[in-house]
Amino acid sequence: MPAQNDEIITGSSLPTSVLELLRDPIPSDGDTWKQRFKALIEQLPIMLYATLPDDLSQIEYTSSQFAHWLGYPRDEWTSNPELFVSRLHPDDRDAVLASDDRATETGESFEIEYRLRARDGAWHWVRDSAVLLRNQDGVGVAWQGVTVDITDLKNAEAHQAEARALYRSLVEQVPGVVFRESTGWPSRPLYISPQVEELLGYTVEEWNTTPSIWEVVVHPDDYDRVKQEHMDAGTRTAIHIQYRMITRDGQTIWVREDRELVYDEAGRPSCWQGLLIDITRQKQLEEQLAHQALHDPLTGLPNRTYFGEIVSRALANATGGDNPIALLFLDLDGFKATNDKLGHQVGDELLSAVARHLPSALRDDDVVARIGGDEFAILLSCPITRERAAKLAGDVLESLRHRFEIGNHEIQCSGSIGIALGDAAEDSLTDLLRQADIAMYQAKASGRDRYAVYVPETGEARAEPSADDES
């Protein structure tokens with residue numbers, strides 16, 4: 001830059017010349033380049049200052065931005081050495097003064113952030129950096145500083161920190177696990193909330209560092225279904241699925257996964273963001289309700305509705321006279337008298353005891369149901385013959401001929417059984433139940449403690465003698 005009288009400002013003379021220029025409030029009209037230089041400095045979006053080399057609080061020059069941003073004109077800064085210190089935020093004062101002392105002692109440049117109070121009482125965050133200007137002999141002549149108002153930046157950082165803290169607090173209070181993952185399968189973890197440890201027993205670090213974590217935690221019986229859902233997600237923006245997961249200690253839990261695709265600024269799929277919620281208790285309640293809807297509450301056996309579904313399926317598979325199904329209809333003998341004499345509680349306990357006892361006389365695949373009161377129904381598994389059905393009916397009656405100990409009572413029990421055989425080509429569920437019921441009443445009418453077989457050809461039932469009759 002050319003100087004007056006064609007002099008050149010060299011590196012060694014620049015510090016002194018700059019200071020002289022800054023100290024000169026009104027350059028002469030002939031010094032056009034000095035005017036331009038001063039104008040440039042005054043228009044920069046920063047605050048410039050210069051202080052004594054051995055006292056940073058003694059300000060010799062400030063640019064006009066100090067007055068614009070902080071409300072104190074140049075003469076107040078230069079005439080009052082206490083002004084700068086008095087404007088420091090109490091929480092920042094010790095750090096700033098310690099930095100000034102260190103810089104004065106060592107001559108090393110520094111940069112520090114702190115708050116200054118403006119004339120109107122507002123606090124401004126500034127970033128202050130300074131270097132010691134030296135003459136050609138290396139002697140310090142002044143500290144030259146640049147101060148930048150970073151209030152907006154600090155406010156933005158504070159808002160971001162507040163937003164992050166709020167997001168974190170919200171995420172960590174969600175009754176589930178929040179996650180972010182890469183697209184594709186298997187996906188790569190990008191974020192997992194701390195609730196994962198409570199849900200599955202894995203720490204956040206373990207989740208993020210375990211290769212193919214989904215292969216580890218998804219239940220083997222559900223893995224292919226879950227994998228297919230994620231692989232098919234290329235044409236979808238959301239996935240909603242329920243499946244089982246294996247915790248670190250080997251327990252099985254049910255979860256509901258809801259995830260949505262997140263897009264970048266260019267509109268391209270960026271990642272998945274989702275939520276895992278433990279629905280184990282919900283599933284248990286659903287299973288409990290489903291069980292209650294299909295099972296007798298007293299004995300736990302299938303109820304009439306469920307038994308009807310089982311028999312209907314069996315009929316559908318019995319597609320010919322050579323492959324019939326057999327239905328036994330059992331009614332306890334004298335149960336009403338026992339119930340009236342000893343009370344309903346004893347009667348209920350007797351029914352429960354009979355329900356537990358009946359399977360001992362049957363095969364593993366035979367199905368026992370309570371269809372009402374003291375009435376039980378038994379579906380004999382195929383293959384079955386009339387003779388085999390009669391033999392099993394006799395075994396059931398024999399198993400009932402012992403004394404049941406109910407509380408302080410010993411109760412002698414017996415039953416009457418009706419047997420009906422049929423298949424889908426000839427019979428319906430209603431037909432079989434009606435036929436077995438007819439046979440059961442025939443057994444009752446013939447003296448009880450026996451079975452009777454329904455004969456389709458005659459539409460009647462034929463009772464077999466009981467054990468007492470044979471003896």
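Q: How many bridges join β17 to strand β18, and in which sense do the two run?

A: In this predicted model, β17 and β18 (residues 460-463) run antiparallel and are joined by four bridges. One position to inspect is V453, which stands opposite R462 in β18. The two strands form a hairpin with four residues between them, and G459 in that turn has a positive phi of about 70°.

Q: Which strand pairs with β17 in the parallel sense?

A: That strand is β16, which pairs with β17 over three bridges. Within this pairing, G418 has A452 of β17 as its bridge partner.

Q: How should the two faces of a strand be read, and which residues of β17 lie on each side?

A: In a regular strand, side chains alternate between the two faces of the sheet. In β17, Y451, V453 and V455 lie on one side, with A452 and Y454 on the other. Both faces are covered, as these residues are all buried. Five of the five residues of β17 are buried, so the strand is largely enclosed by the rest of the structure.

Q: Which residues have the most contacts inside the largest nonpolar core?

A: A nonpolar core is read by following buried nonpolar residues that are joined through their side chains. Here the largest such core has 36 residues, and V354, F376, L380, I417 and I419 have the most contacts inside it. Elements that each supply at least two residues include β11 (325-332), α15 (344-357), β16 (415-422) and β17 (451-455). The greatest contribution comes from α16, with seven residues. Leaving aside neighbours within four places in sequence, I419 is in contact with residues including L327, A393, Y451 and V453. Another core, of 24 residues, lies apart from the largest one; among its members are I192, I241, Y243 and L261.

Q: Which residues of helix α11 are buried, and why do they line one face?

A: The arrangement is read by looking down the helix axis. The buried residues of α11 are D222, Y223, V226 and H230. They fall within an arc of 120°, so they line one face of the helix. These residues pack against α10 (213-217), β8 (238-246) and β9 (252-263). The face turned away from the buried side carries the exposed residues D221, D224 and M231. Helix α11 has twelve residues (220-231) and reaches 17 Å from its first C-alpha to its last, close to the 16 Å expected.

Q: How many disulfides are counted, and is C271 buried or exposed?

A: A disulfide is assigned to a pair of cysteine sulfur atoms within 2.5 Å, and by this rule the count is zero. C271 is buried, with a relative accessible area of 1%. C413 also counts as buried, at 5% relative accessibility.

Note on methods. Residues are numbered from 1 along each chain as its sequence is written. This is a predicted model: local features need pLDDT of at least 70, side-chain atom pairs count only at pLDDT 80 or more; totals for chains, interfaces and linings use all residues. Side-chain values use heavy atoms; hydrogens and water are left out. The expected span of a helix is 1.5 Å times one less than its number of residues. Buried means under 20% relative accessible area, exposed over 50%, partly exposed in between (1.4 Å probe, protein chains only). The arc is that of the directions from the helix axis to the C-beta atoms. Contact means heavy atoms within 4.5 Å. A nonpolar core is a set of buried Ala, Val, Leu, Ile, Met, Phe, Trp, Tyr and Cys residues joined through side-chain atoms within 4.5 Å. Two strands pair if DSSP finds at least two bridges between them.
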